[in-house]
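Reader: I am new to this structure and would like to go through it step by step. Could we begin with the protein and then turn to the DNA?

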Amino acid sequence: MGPFTIQLPDDEAELRRRYEELKRLIHYHNYRYYVLNDPIISDYEYDRLMAELRAIEEKHPEWVTPDSPTQRVGAPPASEFRKVRHPAPILSLANVFDDAGLDAWLQRLARLDPAVLETDFTVEPKIDGLTVVLHYRDGVFVLGATRGDGEVGEDVTANLRTVRSLPLRIPTRPDGPKPPPYLVVRGEAYMTRADFEALNEQLRARGERPFANPRNAAAGSLRQLDPSVTAQRPLRLLTYQIVVYEGPDEPRTQWDALRYLEALGFPVVEADLCPDLDCAKRAYRKWLQRRPTWPYDLDGVVIKINDLELQRRLGAVGKDARGMIAYKFPAQEVTTTLRDIKVNVGRTGVLTPYAVLDPVEIGGVIVRKATLHNFDYIREKDIRIGDRVIVRRAGDVIPYIVGPVIAARTGEERIYEPPTHCPVCGAPVEKVEGEVALYCINAACPAQLSRNIEHFASREAMDIEGLGRKVAEQLVAAKLVNDVADLYYLKPEDLIPLEGFAEKKAHKLVEAIQASKDRPLERLIYGLGIRGVGAVTARLLAERYPDLDALRHATAEELSSIEGIGPVTAQFIVDWFRRKQHQRLLEKLRRAGVWPRASRPSPSAEDQPLAGLTFVITGTLPTMTREEAKAYIQRHGGRVTNSVSRKTDFLIVGANPGSKLRKAQTLGVPTIDEETLRRMVEDPGFREQLLAQRRRTQG
DNA sequence: GATCCTCGAGTTCG
DNA sequence: CTCGAGGATC
């Protein structure tokens, strides 16, 4: 059995002793791994211990008890869940949505019992999962239930057993206190966003229906009739309340209760202890700030009267406990009505549908539009005009439509048909074989043209100040420009008839356009908007070809010999230059004096301080913008890319770093700050030292 | 042929 | 920021 050779002692008593020891050890290592995230043995050693335990249990099945680590999966599928009456009501919470509501709560309580003005508070994150109630007799997990209606829940013991961070026997830590004979703990079962995404990925791959959000996924997983299915689901647990404590030395405050649960080896929510409500409000804002990057969904914080006796005295209104309150975050997911589906035309002619919504507030901003990605997406999700739809905006993420609320259908909804003609120019629409996107085939489509001009003028390209989307659309609508070269022939008097343009603004724009004539070649190439050619590829081309004429005559074979350019991109480039329309465009640019020639890279590039090094930037740097930092690194011979990989040499970290920091840490990519970057450039000795250190740690 | 890496393109609100 | 696809590498 298994990849391990197991030697068991012959002596019966010795074997029994070893068996108990193994159970204890494995529970402890589970706790280190799943609760503390700090394992002290390797997975291999862990598997070995498990194998040894199984070997003993095979020999002595009569020794096996439900708290054995092997029993996390094992119970047969149930046909339905048994009902369980909770030993005490599992109360819900009243909500407040702002500081004023919170103050009002305390004032109400103060009238009932002035003692609340003397007490302190705990502030705990409110996890968006589902409540579970866990029963322990003499330290052994015997029963787990869902909340149900607060009086009666469902017995999901077998499923909860499969949750790795749930202690099957307490104390889990060797130095933990002895638990009372009977203990009931309240907690939250939940799923992290990353685990949820991975699970949905699996479900989709198997052709099963994915879950709408992590909470539904957690609930669906816990209510599986077959525990072996639950065992495959990445459920987690955090506890935050003692419901019943029968025994001596009962904790008297919420804070002590949390510390006690922690000592027993439960995963416990991270709480703050606050002397007053001002502190609680600060804690609320701390969690609000953490929320976007927190690994799992939070819907607010729970503020509790710390003194448990006082909490008990305050009692409940209906099903809401008086002595605690939920201070809710602005919702991240709401339902609204989808009024219409409209279509955008991109610079490359791609048609992208978006939803026009009844405006709703999500996460503190009003959302009116949401992208629908592509036409397949609308069909797959069966989104219809007039549907109630769930809109989600998590963190700083762009809002998107999760799906329709089928139950709210009235029959009035209309099925959406993808356009057969471009909504802007009316030209027929084309679907490229093997691609999802629909394209407008008209190269002269005004929407494509104005997006093209916008791109040409953008900061990364020709950097023309005052020429954004709106002005680009105006110029196209007034037929003042038919391609980007026409910009350079504009005179102030052409602009004055346009809405919003007077003498001064017209002059300024013309000046800004003229000033862009001497931008380097790579920016011009990028600005042309050749399919497949972004900033990086444009730079490669500008290094290889001295001007647009040379590039124009390049063959596909020649282009694809450049490192970083393959046959596909090479063909895109050749095709672009082959078009009559683009040849005329080039001629006009040349006549207007927009004809940069590549500045040959200095031959000493090899000796530059950052030669051969790749950097990634995350967060806000103290004295440089991201663009400046990028230019600074490139000026000194280094490369800057967007995503962290093993090939990244250094991650430059500023304030409020994003997910790249975590990626760098898992990959072992060294992180430095702006100051260190400057020293690397300015102080060769320091640089050598740093690089030598990096080589050593890479092993 | 498979896998990893990098680049391009599109996206929302204030 | 994220996804998809092109390109490089083994």
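Reader: How much surface does chain A expose, and what share do carbon and sulfur atoms supply?

Author: Please bear in mind that this is a predicted model. In it, chain A exposes about 35,800 Å², and 50% of that area is supplied by carbon and sulfur atoms.

Reader: And how many of its residues count as buried, as a percentage?

Author: The buried share is 47% of the 699 residues of chain A.

Reader: What does the secondary structure come to?

Author: Chain A has 25 helices and 25 strands. Among its contacts between residues at least 6 apart in sequence, 66% join residues at least 24 apart.

Reader: Take the sheet with β22 in it. What is the strand order?

Author: The order is β23-β22-β24-β25, an open sheet of four strands with parallel pairing. β23 (639–641) and β25 (671–672) each have a single partner strand, so one side of each is left without a neighbour in the sheet.

Reader: How many bridges join β22 to β24?

Author: Four bridges join β22 (residues 614–618) to β24 (residues 650–653). In one of these pairings, Ile 617 has Ile 652 of β24 as its bridge partner.

Reader: Now the DNA. Which residues come nearest to strand B?

Author: Thr 352, Ile 398, Gly 534, Thr 537 and Ser 645 come nearest, out of 23 residues around DNA strand B. Of the atoms of DNA strand B within 4 Å of the protein, sugar and phosphate account for 95%.

Reader: Which element gives the largest share of that surface?

Author: β15 does, with six residues. α17 (535–544) and β23 are also among the elements that each supply at least two residues, so β23 is both an edge strand of the sheet and a contributor to the surface near DNA strand B.

Reader: Which backbone atoms lie by the phosphates of strand B?

Author: A polar backbone atom of Gly 534 is 2.5 Å from a phosphate oxygen of DNA strand B. For Gly 532 the distance is 3.1 Å, and for Arg 368 it is 3.3 Å.

Reader: What about strand C: how many residues surround it?

Author: DNA strand C is surrounded by 10 residues, the closest being Glu 563, Gly 564, Gly 566, Val 568 and Thr 569. Here sugar and phosphate make up 100% of the DNA atoms within 4 Å of the protein.

Reader: Which helix gives the most there?

Author: Helix α20 (residues 567–578) does, with three residues. By class, the surface near DNA strand C has four nonpolar, four polar and two charged residues.

Key
Residues are numbered from 1 along each chain as its sequence is written. Chains are lettered from A and ligands numbered from 1 in the order in which they are written. This is a predicted model: local features need pLDDT of at least 70, side-chain atom pairs count only at pLDDT 80 or more; totals for chains, interfaces and linings use all residues. Side-chain values use heavy atoms; hydrogens and water are left out. A residue is near a molecule or strand if one of its heavy atoms lies within 4 Å of it. Ala, Val, Leu, Ile, Met, Phe, Trp, Tyr, Cys and Pro count as nonpolar, Asp, Glu, Lys and Arg as charged, and the others, Gly among them, as polar. Buried means under 20% relative accessible area, exposed over 50%, partly exposed in between (1.4 Å probe, protein chains only). Contact means heavy atoms within 4.5 Å. Accessible areas come from the Shrake-Rupley method with a 1.4 Å probe; for residues, only the protein chains shown count as cover. Two strands pair if DSSP finds at least two bridges between them. A polar contact is a pair of N or O atoms within 3.5 Å; within protein, one must be able to donate a hydrogen and the other to accept it, and residues adjacent in sequence count only if both atoms are side-chain atoms.
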